[in-house]
Amino acid sequence: MISMTGFLREPAELRTQQVRACQRVIESGWYVLGPEVDAFEAEWAAACGATYAIGVASGMDAVEISLRALGIGAGDEVITTPMTAFASVLAIIRAGAIPVLADIDPATGLLSIDSAQRCLSQRTKAVVLVHLYGQVRDMGRWTSLCSDLGIALVEDCAQSHLATLDGRSAGTFGPIGAFSFYPTKNLGAIGDAGAVLTSDPELAAACRQLRNYGQGLRYHHHRLGLNSRLDEIQAALLRTRLAWLPVFLERRREIANSYALGIDNAHVRQLASPETFDAHVYHQYVVLTDNREAFMHYLASHGIESLIHYPVPVHRQPAARGIQTDPLGLPAAESFSAECVSIPCHPQLTAEEVSHVIDVVQGWPGA
Ligand SMILES: *Cc1c(COP(=O)(O)O)cnc(C)c1O
């Protein structure tokens, strides 16, 4: 089976380095928020071209902490997309704010600027912009819109590590960006982890307090924070894996390029190409097809795993009943979620596997 992830096939050298990283931490006698976390934070901030990274326990916490550091909470509205991990929206609710869902652009699956503008109100304080599948796009328009309105641009970069546009890295277009290092993400830990990225010293200080019970000096609490600390083993593993990220990213782009060139089937629609080569990191490679269930069965019968990101848009989730949306509804998100399929695009795929995926997709008769 050609699967959606390839952890067990990673290079032996990486495996050995990871074991050594864990051993280093175990033998250090220091396990939560220590020198490995400090070093990873500095390395990740530098990789992204920001001043500060603050390690936290998950991507969802990173979004919540970003909003709370900005002072966004009760009564404030935050515009975001229904085509995302539920965590993006749950984080807004957990921060005490009110999510308002705007529709997407059907060519990319990304938040539509026109729809976001219909969702604005006097209470709007931020946009949580999700760089879905690894795409950063239209950032000039998003940054001007937010600065003209005096609202915060919070980037959800859980899928877009090191995606760059106009010389800037995902997470640095607005005041603050949130990252997940869940194992399947392009940069993943071997467990849960996340980070907030900012170049504003006050926001960085607020995030450091918020991740640790709102504590400033030890046992002195300035805010009602979370327990969202990053542990030393995950930080040491992330440092090890960060060194491999450029190689793995390059491979994702090669695979995506083969798919973009090789897949040409009237029943399988491709998303719009990225604005520039660097503006997509292919966390997922997504195509659209009408008869999705049959397509996925067909792929499986030819030894190819596939997944749906995401089958149920956030406003159709039972837990999100009554959530506010664009007054015109979210028709693009509804059709997109009914048609999108993610095909294998991880760095451990072989050239033969990539060719096999292309041949099989090319052979799909559409029903
Ligand atoms: C994975 C993901 C999250 C949540 O990250 P966790 O580390 O699982 O909490 C948030 N937003 C997006 C877009 C994601 O893909």
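The ligand in this predicted model is surrounded by 14 residues, the closest of which are G59, D156, Q159, S180 and K185, where a residue is near a molecule or strand if one of its heavy atoms lies within 4 Å of it. By class, this shell holds six nonpolar, six polar and two charged residues; Ala, Val, Leu, Ile, Met, Phe, Trp, Tyr, Cys and Pro count as nonpolar, Asp, Glu, Lys and Arg as charged, and the others, Gly among them, as polar. Helix 3 (59–69) and helix 4 (86–94) each supply at least two residues of the shell, with helices (H or I, at least four residues) and strands (E, at least two) taken as DSSP runs and numbered from the N terminus.

Individual atom pairs can be followed as well. A backbone N or O atom of G59 lies 2.8 Å from an oxygen atom of the ligand, a polar side-chain atom of Q159 lies 2.8 Å from a ligand oxygen atom, and a polar side-chain atom of S88 lies 3.3 Å from a nitrogen atom of the ligand. Of the 380 Å² of accessible area that the ligand has on its own, the protein covers 89%, with areas computed by the Shrake-Rupley method with a 1.4 Å probe.

From the ligand we turn to an open sheet of eight strands, which stand in the order 1-9-8-5-4-2-3-12 with mixed pairing; two strands pair if DSSP finds at least two bridges between them. Strand 1 (52–56) and strand 12 (324–325) stand at the edges, each with a single partner strand, so one side of each is left without a neighbour in the sheet. Five bridges join strand 1 to strand 9 (residues 194–198), and these two run antiparallel, with A53 standing opposite L197 in strand 9. Helix 2 (residues 35–48) packs on this sheet and touches strand 1, strand 8 (176–180) and strand 9, its direction making about 130 degrees with that of strand 1; contact means heavy atoms within 4.5 Å, and the axes are lines fitted to C-alpha atoms, for helices over the stretch in contact, with angles running from 0 to 180 degrees between N-to-C directions. Helix 3, which also supplies residues of the shell around the ligand, packs on the sheet as well, touching strand 1, strand 2 (77–80), strand 4 (124–130), strand 5 (152–156), strand 8 and strand 9, and its direction makes about 165 degrees with that of strand 8.

Another open sheet is formed by three strands in the order 10-11-13, with antiparallel pairing. Its edges are strand 10 (269–270) and strand 13 (340–343), each with a single partner strand, so one side of each is left without a neighbour in the sheet. Two bridges join strand 10 to strand 11 (residues 285–288), and the bridge partner of R269 in strand 11 is L288. Helix 8 (residues 232–262) packs on this sheet and touches strand 10, strand 11 and strand 13, its direction making about 20 degrees with that of strand 11.

Two loops hold further backbone details. A cis peptide bond, with omega about 10 degrees, joins H309 and Y310, and Y310 is placed in the loop between helix 9 and strand 12. Y219, although not a glycine, has a positive phi of about 70 degrees, and its place is in the loop between helix 7 (201–210) and helix 8.

Residues are numbered from 1 along each chain as its sequence is written, and side-chain values use heavy atoms, with hydrogens and water left out. Because the model is predicted, local features need pLDDT of at least 70 and side-chain atom pairs count only at pLDDT 80 or more, while totals for chains, interfaces and linings use all residues.

Note on methods:
Polar contact = N/O pair within 3.5 Å; in protein donor to acceptor, adjacent residues only side chain to side chain.
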